[in-house]
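Open the model in your viewer and keep the selection tool at hand. This tour goes stop by stop: what to select, then what is there.

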Amino acid sequence: MVIRTGRADLDFGGVRAEFGLPEEFPAAALAEAQAAVSGDVGLAGREDATALPFVTIDPPGAKDLDQALLVERVGAGFRVHYAIADLGAFVVPDGALDAEVRKRGQTLYLPDGNVPLHPPVLSEGAASLLPGQTRPAVLWTFECGPDGEPVDVRVRRAVVRSTAQFDYEGVQATFDAGTPHPSVEALPDFGRLRRERAAERGAVELQLPEQEIVPNGDGDWKLAVRPRADVDAWNAEVSLLTGMAAAKIMLEAKVGVLRTLPDADDGAVDALRRSAHALGVPWPDGVTPSRLLAGLDPSRPEALALFVDATRLLRGAGYTAFNGEVPAISTHAGLAAPYAHVTAPLRRLVDRFATEVCLAVTAGEPVPEWLTKALPLLPGLMGGSDALAGKVDRACLDQVEAWVLADRVGHEFDAVVLRADSNGADLFVAQPPVMGRCTGDNLPEGERIAVRLVEADPERRKVVFEPL
């Protein structure tokens, strides 16, 4: 079930064993998935949207394609069609497959192969929005004004057919060359409008370097920093728009499950102001944290340090299920709006359930009993799954950092001090891109310093530097 690549002595079997990651699906779950693929998946009675020229934008080589997109100009505004893989057409509520995906919570991505939420016959086959294939989907359509705000939202089950599969770098290249695909030609203008609306709301975006583990061509691994192209941000705004629309539907119906984050208290904002002052980052009167952070140059060391410090504004994220009354906390402070996960059901458990609530509510139908019974369980299931995913990601990065640096103990590096405390500091080393720990007192946050590597232990996945 899991395909491995890379040298045998440099695989991630230790990580898999440490966290007890499953290798296979139970036979009953596989049988249900195969039966769903082999049988009638319920295409009849759906809206036929196969004439819409959808495209997908995903990382290179992706097969679990959750979303397909079409952005059109309509007068001075926009019409956005967003098709989402419909797992409700394949997964039997309370069946063997449903039980297994509830245990898993989400797809875990390791460098040598993923641990999928659903059997690949679904996630990379019959349910994936692969190009040239007729697929069941949940279709969201947004009629948006010149400001990018939706004036009408529709969601329903449909049949779609993606016309092309793109990756982010390739799509960005077509925009840079002035030759975008017609289905996404309007995406930059729409995406910029949505990002401006986000800044006005007070949404917080932290432009931290994103470490990536990639094959080095010799059978093992290297570290890289994944550049975030403009198209990444524009595409993300369509997903965020959909999640906010879903949250609104569920809140009006007083039933559903939200992704929530409490507002940061005044103490967190005051502490961020003190950090900005200490780092020499000007913070003019009347400028919100959102505007300040959005205006920083992420290549500057003081900006990196402030982004790390601003994570204090985004602590406490979770899921909130409700039925019968609106919850006390119904917004996501990082987005400055109510929000729900509905756009990645192939890879994340909660999306299927939130989507089914939206479909029932907008169709004027009662939310099914199996769904209302499941809602209270989702925060715990997703919380545990998110925690596991974070630990697995960090363990894989720690492992590769130790592998990459194992023969460079004693070497000197340039680093940026991200966050200092009484026991040392967290560092970012640009080459190779490593987040490491440095010993020493009074290390200067937001400044570049020279450090020496004193430990790189692949067995313990530990890397330690000291200041020069």
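The stops below cover confidence, helices, a barrel and a few single residues.

**Before you start**

This is a predicted model, in which local features need pLDDT of at least 70, side-chain atom pairs count only at pLDDT 80 or more, and totals for chains, interfaces and linings use all residues. Residues are numbered from 1 along each chain as its sequence is written, and side-chain values use heavy atoms, with hydrogens and water left out.

Colour by pLDDT (the predictor's confidence in each residue, from 0 to 100). The protein chain averages 93, and 98% of the residues score at least 70. Now select residues 1-8. Their pLDDT is below 50, yet this stretch has 23 contacts in the model beyond near neighbours in sequence. Contact means heavy atoms within 4.5 Å.

**Stop 1: helix α2**

Select residues 27-38, helix α2. Helices (H or I, at least four residues) and strands (E, at least two) are DSSP runs, numbered from the N terminus. Helix α2 has 12 residues and reaches 16 Å from first C-alpha to last, close to the 16 Å expected at 1.5 Å a residue. The expected span is 1.5 Å times one less than the number of residues.

Which residues of α2 are buried? Show A29, A33 and A36: these are the buried ones. They lie on the same side of α2, because they cover an arc of only 60° around the axis. Buried means under 20% relative accessible area, exposed over 50%, partly exposed in between (1.4 Å probe, protein chains only). The arc is that of the directions from the helix axis to the C-beta atoms. An α-helix has 3.6 residues a turn, so residues three or four places apart point the same way.

Turn to the other side of α2, where A27 and S38 are exposed. Then add α3 (96-104) and α4 (120-126), against which the buried residues of α2 pack.

**Stop 2: V171 in helix α5**

Select V171, in helix α5 (residues 168-177). Its relative accessibility is 3%, so V171 counts as buried. Leave aside neighbours within four places in sequence, and V171 is in contact with I57, F166 and V231. Draw a distance from V171 to D230: their C-alpha atoms are separated by 9.9 Å, with these positions 59 residues apart along the chain.

**Stop 3: helix α7**

Move to helix α7 (residues 230-253) and pick D232. Is D232 buried or exposed? D232 is buried, with a relative accessible area of 8%. Not counting residues up to four places away in sequence, D232 touches Y168 and R226.

Stay in helix α7 and go to L240. With the same sequence cut-off of up to four places, L240 touches L335 and Y339. L240 and V342 are 102 residues apart in sequence and 9.5 Å apart in space, C-alpha to C-alpha.

**Stop 4: helix α8**

Select residues 266-279, helix α8. Its 14 residues should span 20 Å at 1.5 Å a residue, and its end C-alpha atoms are 20 Å apart, which agrees. Show A268, A271, L272, S275, A276 and L279, which are buried. Their arc around the axis is only 145°, which puts them on the same side of α8. On the other side, D266, R274 and H277 are exposed. Helix α10 is included in what covers the buried residues of α8.

**Stop 5: the barrel**

Follow β14-β15-β16-β18-β17: a closed barrel of 5 strands with mixed pairing. Two strands pair if DSSP finds at least two bridges between them. The twist averages 50° from one strand to the next. Helix α10 (residues 301-309) packs on the sheet, touching β14 (412-421), β15 (424-429) and β17, and its direction makes about 40° with that of β14. Axes are lines fitted to C-alpha atoms, for helices over the stretch in contact, and angles run from 0 to 180 degrees between N-to-C directions.

Zoom in on β17 (residues 448-457) and β18 (residues 462-467), which pair in the antiparallel sense over 6 bridges. Select L453: its bridge partner in β18 is F465. A456 has V463 as its bridge partner in β18. The hairpin of β17 and β18 has 4 residues between the strands, and there R461 takes a positive phi near 55°.

Next, take β14 with β17, which run antiparallel and are joined by 5 bridges. D414 finds its bridge partner in β17 at A450.

Last, show residues 378-405, helix α13. Helix α13 lies across β14, β16 (434-438), β17 and β18, running at about 60° to β18.
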